[in-house]
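Biologist: Could you walk me through this structure, step by step?

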Amino acid sequence: MAGILEGKVALITGAGSGIGRATAQIFAREGARLLIADLVEASGAETLKMLKDAGAAAVFMRADVAKAADAEALVAKTVETYGRLDCAFNNAGIEGALAVTHKCTEENWARVISINLTGVWLCMKAEITQMLKQGGGGSIVNTSSDAGLLGVKGMPAYVASKHGVAGLTKAAAIEYGRQGIRVNAVCPGPIRTPMMGRLLLDRPDVEESFVRAEPLKRMGEPAEIGEAVAWLCSDRASYVTGLPLPVDGGLIAT
Ligand code: NAP
């Protein structure tokens, strides 16, 4: 049976780790041809090898999503390689330093906003420009978070950036609906990735509190986000746009 992304060309950022890597593997399984991007050459190369070993069509490019030239180069490389761009998963992000609002430094604020929010916008700019040029629509999914829908203590820049991503997603969805470009966001709950590992370091009580708060009584796995992203990018979600979709074990419902 054909995969739900058969024949589609997709760009995935932050694909060297966690949610991005798992999503790239699911996209490959579903038949997409991929341009994967990450800041770090070595981790991107590792994901590329996994994809190639599984028989996928994939290319890796190093990029810093916070730089406009890099975002534009990612789209240009995708088009040079495959001739078009159908789907994009703007997922690269950082957690930043933990500190309550009045202790958050300007440096931390600027860094988190530049990668998590400006980076998503710069990638969208380049992707939408290409999708409009080629015609025929497209599907973009951005990574927000439950922290893009709720307040979380100790990470004000992260929470602001993820709320920004949810808002930007809705704004673009209404701007480009007429041209058939769907724009959605995934809002993961606590997912077992290297980022979450850094946040939980030496704090087993925090993991326990996540699990206790979760209706499904467990943390999520990266592939559980990837499955939702693949569906949103596919034609099966053809009437879904402007949605910040919680994929969080029901946390947002509590
Ligand atoms: P992760 O394992 O740390 O993966 C994030 C990836 O993004 C890493 O490969 C990282 O590269 C890359 N990256 C960071 N800055 C970049 C930049 N400027 N340009 C290009 N790539 C960059 O984290 P994850 O948990 O999979 O997170 C993926 C996304 O999900 C993030 O946007 C995160 O905020 C969001 N999210 C995660 C959770 C969770 O519980 N894990 C929950 C909600 C939302 P290096 O690390 O190699 O530098």
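Modeller: Here are some questions and answers about the ligand and two helices. This is a predicted model, in which local features need pLDDT of at least 70 and side-chain atom pairs count only at pLDDT 80 or more, while totals for chains, interfaces and linings use all residues. Residues are numbered from 1 along each chain as its sequence is written, and side-chain values use heavy atoms, leaving out hydrogens and water.

Biologist: How many residues surround the ligand?

Modeller: A residue is near the ligand if one of its heavy atoms lies within 4 Å of it. Ser 17, Asp 38, Tyr 158, Ile 191 and Thr 193 are the closest, and the number surrounding the ligand is 31.

Biologist: How far is an oxygen atom of the ligand from an N or O atom in the side chain of Thr 193?

Modeller: A polar contact is a pair of N or O atoms within 3.5 Å. A polar side-chain atom of Arg 198 lies 3.1 Å from a ligand oxygen. For the side chain of Thr 193, the distance is 2.6 Å.

Biologist: Which helix gives the largest share of the shell around the ligand?

Modeller: Helices are DSSP runs (H or I, at least four residues), numbered from the N terminus. H1 (18-29), H5 (156-176) and H6 (194-200) each give two or more residues to the shell. The largest share, four residues, comes from H6.

Biologist: How are H1 and H2 oriented to each other?

Modeller: Their axes, lines fitted to C-alpha atoms over the stretch in contact, come within 10 Å and cross at roughly 25°. Angles under 35 degrees count as roughly parallel. H1 and H2 are therefore roughly parallel.

Terms used: A polar contact is a pair of N or O atoms within 3.5 Å; within protein, one must be able to donate a hydrogen and the other to accept it, and residues adjacent in sequence count only if both atoms are side-chain atoms. Axes are lines fitted to C-alpha atoms, for helices over the stretch in contact, and angles run from 0 to 180 degrees between N-to-C directions. Angles under 35 degrees count as roughly parallel, over 145 as roughly antiparallel, 65 to 115 as roughly perpendicular and the rest as oblique.
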